[in-house]
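The following exercises guide a reader through one protein chain. Please attempt each task before turning to its solution.

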Amino acid sequence: MTEFERKLVQSFNDYFENCNIKAIAHRIKQHRFTPQFLDVMVDSLNPDFYLGIECKSISTEKGANALYFSQHFTIDKNGAHQVIRISEYLRRSGRAGFLVVELRQGSGKSRQAYIIPWKDIEEKYESGELKYTIDEIKLYSKLERKGDAYHIEPEKWVKQNKWMHTGE
């Protein structure tokens with residue numbers, strides 16, 4: 001588990017505990033030969049918090065100017081692209097999906113994270129586009145940081161949750 005994923009899980013769980021919400025965020029341990037569908041799962045009977053979150057972290061300090069579907073996502077041994085695998089999992093599970101992209105900007109500069117609804121990822125991938133530029137990523141809701149943790153603001157997740165896959 002990366003530091004980014006760990007902080008995101010802890011931030012969700014702190015929020016749930018502080019607000020007395022019956023929900024839990026967790027990271028399923030990844031095994032070498034077992035597929036991992038998403039980086040962070042949030043389980044709750046409240047559909048607004050029944051989430052699947054994929055996390056990507058890129059270094060703008062080292063010159064990254066985009067998140068590429070070919071470079072930052074995987075293809076499994078059967079040739080299935082990660083976007084397709086995650087989309088299918090979200091459809092079948094009923095979870096609302098998101099990609100959270102962390103932009104690492106180098107020492108002395110705080111990291112930034114942005115929430116992209118999975119529907120947007122899926123549509124862009126299926127349209128044949130190759131990437132999300134940094135400027136495109138920054139058009140989405142920013143996941144604010146408070147000290148070392150991320151500030152969970154439900155309205156950012158719920159507002160973007162309206163597209164949730166319903167199996168239609």
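**Exercise 1.** Determine how many bridges join strand β3 to strand β5, and whether the two strands run parallel or antiparallel.

*Solution.* In this predicted model, strand β3 covers residues 51–59 and strand β5 covers residues 96–104. Counting along the pair gives 9 bridges, and the two strands run parallel. One position can be checked by eye: Ile53 is placed opposite Phe98 of β5.

**Exercise 2.** Establish the strand order of the open sheet and identify its edge strands.

*Solution.* Step one is to read across the sheet, which has 6 strands in the order β1-β2-β3-β5-β6-β8. The pairing within this open sheet is mixed. Step two is to look for strands that pair on one side only; these edge strands are β1, residues 23–26, and β8, residues 141–143. Step three concerns the twist: on average, neighbouring strands of the sheet are turned by 25° against each other, direction ignored.

**Exercise 3.** State which strands helix α1 and helix α2 touch, and give the angle reported for each helix.

*Solution.* Begin with helix α1, residues 3–18, which packs on the sheet and touches β1, β2, β3, β5, β6 and β8. The direction of α1 makes about 170° with that of β1. Continue with helix α2, residues 82–93, which also packs on the sheet. Helix α2 touches β2, β3 and β5, and its direction makes about 155° with that of β3.

**Exercise 4.** Describe the largest nonpolar core: how many residues does it have, and which element gives the largest share?

*Solution.* The core has 23 residues. Those with the most contacts inside it are Leu8, Phe12, Val42, Ile53, Leu143 and Trp157. Two or more residues each come from α1, β1, β2, β3, β5 and β6. The largest share, 6 residues, is given by α1. Val42 serves as an example: leaving aside residues up to four places away in sequence, Val42 touches Phe12, Phe16, Ile24, Ala25, Phe49, Tyr50, Leu51, Ile53 and Arg95. A second core, separate from the largest, has 20 residues, including Phe69, Tyr89, Tyr114 and Ile137.

**Exercise 5.** Summarise the chain as a whole: how many helices and strands are there, and what percentage of residues is buried?

*Solution.* The chain contains 5 helices and 10 strands. Of its 168 residues, 45% are buried. Among contacts with a separation of 6 or more, 58% link residues 24 or more positions apart. Finally, the chain exposes about 9,500 Å², of which carbon and sulfur atoms supply 49%.

Key. Residues are numbered from 1 along each chain as its sequence is written. This is a predicted model: local features need pLDDT of at least 70, side-chain atom pairs count only at pLDDT 80 or more; totals for chains, interfaces and linings use all residues. Side-chain values use heavy atoms; hydrogens and water are left out. Two strands pair if DSSP finds at least two bridges between them. Helices (H or I, at least four residues) and strands (E, at least two) are DSSP runs, numbered from the N terminus. Axes are lines fitted to C-alpha atoms, for helices over the stretch in contact, and angles run from 0 to 180 degrees between N-to-C directions. Contact means heavy atoms within 4.5 Å. A nonpolar core is a set of buried Ala, Val, Leu, Ile, Met, Phe, Trp, Tyr and Cys residues joined through side-chain atoms within 4.5 Å. Buried means under 20% relative accessible area, exposed over 50%, partly exposed in between (1.4 Å probe, protein chains only). Accessible areas come from the Shrake-Rupley method with a 1.4 Å probe; for residues, only the protein chains shown count as cover.
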